[in-house]
Amino acid sequence: MSETRGRLFEGADWDFTTIQRIHDACEEIALKDLGLNVYPNQIEVITAEQMLDAYSSVGMPLYYKHWSFGKQFAHQEASYRKGLMGLAYEIVINSSPCISYLMEENTATMQTLVIAHAAFGHNHFFKNNYLFKQWTDADGILDYLDFAKSYVAQCEEKHGRIAVEQTMDAAHALMSHGIDRYPGKRSLDLRAEEKRARERREHEQATFNDLWRTVPTGPSKNRTELSAERRRALLGLPQENLLYFLEKAAPRLHTWQRELLRIVRNIAQYFYPQGQTKVMNEGTATYVHYRIMTALHERGQITDGNFLEFLGSHTNVVFQPDFDSQYFSGFNPYALGFAMMQDIERIVTNPEDEDRDWFPDIAGKGDVMGVLRDVWANYRDESFISQFLSPRLMRHMRMFHLHDDPDETSGILVDAIHNERGYRSIRRALSRQYDVGLIDANIEVMDVDLAGDRRLMLKHSVLNGALLNETDAKRVLQHLADLWSYDVSLAEVDASGSVLKEHVAHPRVMAAAA
């Protein structure tokens, strides 16, 4: 029988004492009942306008200024005022302490939901998932953002807003190709990055790669000739991290421009795990808030009315439109993630024969939170779905797989339904939709023509015949050429090595620094 406690609040109103009481009650359940391991929490209450401002700067505090954030703010504010969009109840930051922003317009029930969801669900996932451990620095991110904001402002004052803006525009265009994607790279240490940045500014180190001394400037009997292999080795080629390559090797960038590229790529690296764990992260937080809110209700700490208010919001969050609905735009990560977490709970506690065949390691194990904590720590969306999407959940969500290939059929073929082979096909196809190796274009710097026109040569490894969007490729390549200061070519190459398409961009004249 559940233990009865005093009410956390009465009615919809709240004050900061109430928030503290709610936090403490959620913390007790999260740590003792669910066994969560979290960063210290920092809870801040903000207005709707501040929430819109946080939206525009991808939810980060202390972010540097950029015109795109203001454009996003204006667009979202207009939609919000017209009633065309709502606002999230919260935003949570992967930092230590973990910062959770709560809307001041929320009722006391919604503040409880938000604290359970963000301050404990997301918080636990951030601290324990292997991708976040590998790629992010929760202890240093706030100090680094403070440094970045200050440094960008100093550059604008010293070198002019237009010159800084052009560099940042180009860096933002390349942001998704400014990350290290594979293990083995040095862990991100943002406090050390800030210290090194200060040292670089103090010493005003050289603004070009020492390799450029080998470039011919005219007829000379004694000039150094580099083999292609040696040239690529000195430049660290091939290189997938385009911002890193430009930061280290672009011949005409100033020291402050290299530092701006470094700032953008460090922040891009910080966000890298979030794109690979959307289903798991939101599924974890939704499952945690559901368990905590249910426990609070069972203990009498929130009323039936409070619980009904919570269920109304929860139901909206996990709503999944059917495939033939006008509102269908793919799988809702909250819905899919929460459904899979609950399904794992069912498999662990009350498995069927089918579950024992598909999940022999966890079926009937009994330790729900032990299994879930292990899953939350060791998987990303692609591997999570490929390992734990069950036939029962596929039937419940009415999943099927469509095959649409004009080279093989004149129409759309339903090639996977609810049978043994179909279940595996559906699970494999859905997991591939979350595979970052298939979603993001594989583009690498391959070589530089040092002895000729210094053209930068890149390669896009084409998968399944999917070429780059012509317009986007042209625009992004232009930004790359502007930073490199010489021509840039991009060859789209298939698995056989055949060049399917080639793009070329010529540098534009950028604003001179003041």
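**View 1. Strands β7 and β8 run side by side.** Strand β7, residues 456-461, is joined to strand β8, residues 488-493, by six bridges, and the two run parallel. You can pick out one bridge by its partners: Ser461 is matched with Val493 in β8. As you explore, keep in mind that this is a predicted model.

**View 2. Four strands line up in an open sheet.** Widen the view from that pair, and a sheet of four strands appears, in the order β6-β7-β8-β9. The sheet is open and its pairing is mixed. Which strands sit at the edges? They are β6 (442-448) and β9 (499-505), each of which pairs on one side only. From one strand to the next, the twist averages 20 degrees.

**View 3. A helix lies across the sheet.** Here the guest is helix α21, made of residues 470-484. Helix α21 lies across β6, β7, β8 and β9. Try following its direction against β9: the helix runs at about 50 degrees to that strand.

**View 4. Trp14 and Phe16 meet edge-to-face.** The structure holds 15 aromatic pairs, and this close-up shows the one formed by Trp14 and Phe16. Their ring centres are 6.0 Å apart, and the angle between the planes is 85 degrees. An angle over 60 degrees counts as edge-to-face, so that is the name this pair gets. How exposed is each partner? Trp14 has a relative accessible area of 21%, so it is partly exposed. Phe16, at 60%, counts as exposed.

**View 5. Four aromatic residues gather in one cluster.** Look for Tyr290, Phe307, Phe310 and Phe338, which together form one aromatic cluster.

**View 6. Ser431 is tucked into helix α19.** This serine lies in helix α19, which covers residues 420-432. Is Ser431 buried or exposed? Its relative accessible area is 4%, so Ser431 is buried. Setting aside neighbours within four places in sequence, the residues in contact with Ser431 are Glu382, Ile385 and Ser386.

**View 7. Ala295 and Asp33 come together from distant parts of the chain.** Ala295 lies in helix α12, residues 278-298. With 12% relative accessibility, Ala295 counts as buried, because buried means under 20%. Along the chain, Ala295 and Asp33 are 262 residues apart, while their C-alpha atoms are separated by 9.4 Å. A similar theme runs through the protein: of the contacts with a separation of 6 or more, 73% are between residues 24 or more positions apart.

**View 8. Two cysteines sit out of reach of the surface.** Find Cys26, which has 0% relative accessibility and so counts as buried. Cys98 is buried too, with a relative accessible area of 0%. A disulfide is a covalent bond between the sulfur atoms of two cysteines. How many disulfides does a search of the whole structure find? The count is zero.

**View 9. Stepping back to the whole protein.** After the close-ups, here is the overall picture. The protein has 21 helices and nine strands. Of its 514 residues, 49% are buried. The accessible surface comes to about 25,300 Å², and carbon and sulfur atoms account for 48% of that surface.

Terms used
Residues numbered from 1 in each chain as written. Predicted model: local features only at pLDDT ≥ 70, side-chain atom pairs only at ≥ 80, totals over all residues. Heavy atoms only, no water. Buried < 20%, exposed > 50% of the residue type's maximum accessible area, 1.4 Å probe, protein only. Contact = heavy atoms within 4.5 Å. Areas by Shrake-Rupley, 256 points an atom, 1.4 Å probe, with all protein chains shown as cover. Disulfide = S-S within 2.5 Å. Pairing = 2+ DSSP bridges. Axes fitted to C-alpha atoms, helices over the stretch in contact; angles between N-to-C directions. Phe/Tyr/Trp six-rings, centres within 6.5 Å; stacked < 30°, edge-to-face > 60°.
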